[in-house]
Amino acid sequence: MEIPEISAVELFDPSSPRYEASLARVRTAAEDIGFMTLTDTCLDAAAVRRVLDTYHDFFKLSPEKKAPYNMANTGSNRGWGAPGAEQVDPSANPDFKEVFDCGTELPADDPLATHTYYAPNLWPTEPAGFRETVTDYYQRATTLSIDLLSAIASAIGEPADYFRNKFDKPMALLRGNYYPVRPDEATKRDFGIAPHTDYGCLTLLAMDGSAGLEVEARSGEWVPVTVQPGTFVINFGEMLQMWSRGRIVATSHRVIGGSNERLSIPFFFNPRVDVNVAPWGSSEVILAGEHLSRRYDETYVHRQTDKAAV
């Protein structure tokens with residue numbers, strides 16, 4: 001399986017001599033593979049390393065210093081997720097990683113402001129500059145993602161602006177992932193993150209250059225994918241697959257873990273909570289927020305516990 005590599009400079013400029021070829025490669029990635037890589041974006045290697053270092057400094061704090069930001073106490077996916085906080089595959093053990101999540105916040109007078117997917121963020125006081133560094137990255141990743149969605153729409157023959165008014169208040173979640181060294185006692189049911197497809201539309205993934213991510217080819221083979229900071233792995237989620245009537249594919253991937261710790265930064269880019277993401281042309285109504293709620297309830301251990309207690 002060859003994952004297409006595409007330059008954002010060529011893809012976002014219709015006057016580029018490589019524009020049509022870039023669109024064709026995006027179409028192959030979207031329809032046949034489910035993954036691509038993107039270079040030459042507004043987030044260069046220095047910007048990615050800066051936010052990687054910031055997350056690393058947070059994850060190295062003591063559990064006592066991280067505890068006030070534990071998302072298990074919030075009822076939403078904001079803040080720190082301790083080891084074992086997620087279980088993406090119910091047949092596997094909870095995922096062996098830590099996370100830190102932040103998302104879109106709306107003004108208090110916005111009609112959607114009270115929705116859980118626009119919940120207030122939790123900002124740690126350590127390390128210094130955490131909020132400023134992460135917020136800057138979040139804003140730039142948002143701009144990049146909507147431009148990429150426009151290119152994807154063009155690549156599959158839809159109007160370039162199809163998605164823009166549906167992402168004006170995106171349920172966009174930025175996550176720092178910390179994968180520790182795989183413990184010696186780990187079994188076949190233990191993963192950094194178990195095999196899964198992403199739940200939403202588009203994922204923009206930065207990595208620290210360490211091996212770990214594996215993508216499932218159509219043959220069933222697991223193919224390692226590693227990029228350096230400044231290059232992004234892009235994959236498409238279940239919501240976009242459903243929305244596009246299966247034309248865009250979501251592909252399973254996993255992290256097993258190894259002898260080195262690893263950091264990654266996925267940016268999950270999803271539409272406004274009340275957007276209908278039912279298959280194009282159907283009479284169904286499937287709200288984006290309802291789709292995510294169902295999948296999150298199946299994944300976050302604290303949400304499973306909350307529902308069981310009702």
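What volume does the second largest cavity have? The second largest cavity comes out at about 60 Å³. The model it sits in is a predicted one, and here is a tour of some of its parts.

## The second largest cavity

Twelve residues line this second largest cavity, and those closest to its centre are Arg-78, Tyr-117, Met-171, Ala-172 and Leu-173. Sorted by class, its lining has seven nonpolar, four polar and one charged residues.

Keep Leu-173 in mind, since it turns up again in a strand pairing: Leu-173 stands opposite Phe-268 in strand E12.

## The largest cavity

How many cavities of 30 Å³ or more are there? The count comes to three. The largest cavity has a volume of about 420 Å³. It is lined by 33 residues, and the ones nearest its centre are Arg-175, Ile-193, His-196, Asp-198 and Phe-268.

Several elements give two or more residues to that lining: strands E5, E6 (193-196), E7, E11 (253-255) and E12, along with helix H7 (288-299). By class, the lining of the largest cavity splits into 16 nonpolar, eleven polar and six charged residues.

## Strand E12 and its partners

E12 covers residues 262-269, and eight of its eight residues are buried, so the strand is largely enclosed by the rest of the structure. In a regular strand, side chains alternate between the two faces of the sheet. In E12, Arg-262, Ser-264, Pro-266 and Phe-268 point one way, while Leu-263, Ile-265, Phe-267 and Phe-269 point the other way; all of them are buried.

Which strands does E12 pair with? One is E5 (residues 173-179), which runs antiparallel to E12 and is joined to it by five bridges. Here is where Leu-173 comes back, sitting opposite Phe-268. Another is E7 (residues 202-207), also antiparallel to E12, with six bridges between them. Across this pairing, Leu-204 stands opposite Phe-267, and Leu-205 stands opposite Pro-266.

## Strand E7, covered on both faces

Is E7 mostly covered or mostly open? E7 is mostly covered, with six of its six residues buried. Leu-202, Leu-204 and Ala-206 point one way from E7, and Thr-203, Leu-205 and Met-207 point the other way, with all of them buried.

Besides E12, there is a pairing with strand E10 (residues 232-236): four bridges join E7 to E10, and the two run antiparallel. In that pairing, Thr-203 has Asn-235 of E10 as its bridge partner.

## A buried glutamate in a loop

Now for a loop. Glu-86 lies between strand E3 (79-81) and strand E4 (98-103). Is Glu-86 buried or exposed? Its relative accessible area is 6%, and buried means under 20%, so Glu-86 counts as buried.

What does its side chain touch? The side chain of Glu-86 makes a polar contact with the side chain of Arg-175, at 2.7 Å. You have met Arg-175 already, as one of the residues nearest the centre of the largest cavity.

## The largest pocket

The largest pocket has a volume of about 200 Å³. It is lined by 14 residues, and the closest to its centre are Gly-103, Thr-104, Glu-105, Thr-135 and Tyr-138.

Which elements supply at least two residues each to this lining? They are E4 and helix H5 (130-155). H5 gives the most, with five residues. By class, the lining of the largest pocket divides into five nonpolar, six polar and three charged residues.

## Cysteines without a bond

A disulfide is a covalent bond between the sulfur atoms of two cysteines. How many does a search of the whole structure find? It finds zero. Cys-42 is in no disulfide, and the nearest cysteine sulfur, that of Cys-102, is 16 Å away.

Why is Cys-102 unbonded? Its sulfur is 16 Å from the closest cysteine sulfur, in Cys-42, and this is too far for a bond, because a disulfide needs the sulfur atoms within 2.5 Å. The surroundings of each cysteine can be stated too: Cys-42 counts as partly exposed, at 39% relative accessibility, whereas Cys-102 is buried, with a relative accessible area of 2%.

Notes: Residues are numbered from 1 along each chain as its sequence is written. This is a predicted model: local features need pLDDT of at least 70, side-chain atom pairs count only at pLDDT 80 or more; totals for chains, interfaces and linings use all residues. Side-chain values use heavy atoms; hydrogens and water are left out. Buried means under 20% relative accessible area, exposed over 50%, partly exposed in between (1.4 Å probe, protein chains only). A polar contact is a pair of N or O atoms within 3.5 Å; within protein, one must be able to donate a hydrogen and the other to accept it, and residues adjacent in sequence count only if both atoms are side-chain atoms. On a 1 Å grid over the protein atoms alone, a cavity is a set of points where a 1.4 Å probe fits but cannot get out, and a pocket is an open set with protein on both sides within 12 Å along at least five of seven lines; lining residues have an atom within 4 Å of a point. Grid points are joined across faces, edges and corners, and a volume is the space filled by probe spheres set on the points. Ala, Val, Leu, Ile, Met, Phe, Trp, Tyr, Cys and Pro count as nonpolar, Asp, Glu, Lys and Arg as charged, and the others, Gly among them, as polar. Two strands pair if DSSP finds at least two bridges between them.
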